[in-house]
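I opened my notebook to look through a protein model, one question at a time. Come along and check each entry against the picture.

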Amino acid sequence: YEDLGFSRLHKQIEDWKKTYKNIFEREKKILPLLCRRIAIISNPAIQGYEDFNKHLKYGSLTTINTKMQGDKVAEDVAAAIKKANRNNNYDCIVIVRGGGSFADLYEFNKPVLLEAIANSIIPVASAVGHETDFPLCDFAADIRYSTPSHAGKDLTERVETIKKSIF
């Protein structure tokens, strides 16, 4: 039986859970009811991006194209969060990536990403993985969506709620 280092990676995540507990337990920013200007941090070539866009009916979208697989994904996504904050022209940031194996999603647990989410002035939503995936970026984010589709649906439903209250 070869472990491939997964137990070491699991132990690393458990250590990060303790070390970054303050990030997970901080007061979270509230997503505006109406997110008109949305920064999507993703890769247009992946299924999760397509799923998110299929369900989102409102908003002006800016895609910040990043790696979503392999080494340095955490650094790439963290840099994209910082870029969106420099613009400061967004109502929210949504990190969009569909499901995958433990190894595929490992990058979404790294401290560089957790810190970038916590330091963001703009509320950050995590739409990483599927219902059963819980990377640490979910706990650092201001709001967690179980899937990219769920994120697109919820942002659309927020607008529908406003429309119903007006009319």
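Here are my entries on a pocket, a helix and a few single residues.

**Entry: the model**
I noted before anything else that this is a predicted model.

**Entry: the pocket**
I began with empty space. Rolling a probe the size of a water molecule over the atoms shows where empty space is left. I looked up the largest pocket and found a volume of about 250 Å³. Its lining is made of 16 residues, and those closest to its centre are Ile13, Phe102, Asn109, Phe134 and Pro135. I then asked which elements give two or more residues to this lining. They are α1 (6-19), α5 (102-105) and α7 (136-140). The most comes from α1, which gives 4 residues. I also sorted the lining by residue type and got 8 nonpolar, 5 polar and 3 charged residues.

**Entry: two residues of α1**
I stayed with helix α1 and picked Phe6, which is located there. Phe6 counts as partly exposed because its relative accessible area is 31%, and the partly exposed class runs between 20% and 50%. Leaving out residues up to four places away in sequence, Phe6 touches Phe102 and Ala103. I also checked Phe6 against Tyr106: they are 100 residues apart along the chain, and their C-alpha atoms are separated by 9.9 Å.

Next I moved to Glu14, another residue placed in helix α1. Glu14 has 39% relative accessibility, so I wrote it down as partly exposed. Its side chain makes a polar contact of 3.0 Å with the side chain of Lys17. Glu14 and Leu136 are 122 residues apart in sequence, yet 9.9 Å apart in space from C-alpha to C-alpha.

**Entry: Asp138 in α7**
Is Asp138, a residue of helix α7, buried or exposed? Asp138 is buried, because its relative accessible area is 5% and the cut-off for buried is under 20%. I looked for a polar partner and found Arg144: the two side chains are joined by a polar contact of 2.8 Å. Setting aside neighbours within four places in sequence, I listed the contacts of Asp138 as Ser126, Val128, Asp133 and Arg144.

**Entry: helix α8**
I tested the length of α8, which covers residues 148-166. At 1.5 Å a residue, its 19 residues should span 27 Å, and the end C-alpha atoms are 28 Å apart, so the two values agree. Then I looked up which residues of α8 are buried. They are Pro148, Ser149, Ala151, Gly152, Asp154, Leu155, Thr156, Arg158 and Val159. What covers these buried residues of α8? The cover includes the strands β1 (37-42), β3 (92-97), β4 (124-128) and β5 (143-144), together with helix α3 (47-55).

**Entry: two positive phi angles**
Last, I turned to the backbone. Most residues other than glycine have a negative phi. I found that Lys72 has a positive phi of about 70 degrees, although it is not a glycine. Lys72 sits in the loop between β2 (60-65) and α4 (73-87). I noted Lys72 as exposed, because its relative accessible area is 54% and exposed means over 50%.

Asn88 also has a positive phi, near 45 degrees, and is a residue other than glycine. I located Asn88 in the loop between α4 and β3. Asn88 has a relative accessible area of 46%, so I entered it as partly exposed.

Key: Residues are numbered from 1 along each chain as its sequence is written. This is a predicted model: local features need pLDDT of at least 70, side-chain atom pairs count only at pLDDT 80 or more; totals for chains, interfaces and linings use all residues. Side-chain values use heavy atoms; hydrogens and water are left out. On a 1 Å grid over the protein atoms alone, a cavity is a set of points where a 1.4 Å probe fits but cannot get out, and a pocket is an open set with protein on both sides within 12 Å along at least five of seven lines; lining residues have an atom within 4 Å of a point. Grid points are joined across faces, edges and corners, and a volume is the space filled by probe spheres set on the points. Ala, Val, Leu, Ile, Met, Phe, Trp, Tyr, Cys and Pro count as nonpolar, Asp, Glu, Lys and Arg as charged, and the others, Gly among them, as polar. The expected span of a helix is 1.5 Å times one less than its number of residues. Buried means under 20% relative accessible area, exposed over 50%, partly exposed in between (1.4 Å probe, protein chains only). Contact means heavy atoms within 4.5 Å. A polar contact is a pair of N or O atoms within 3.5 Å; within protein, one must be able to donate a hydrogen and the other to accept it, and residues adjacent in sequence count only if both atoms are side-chain atoms.
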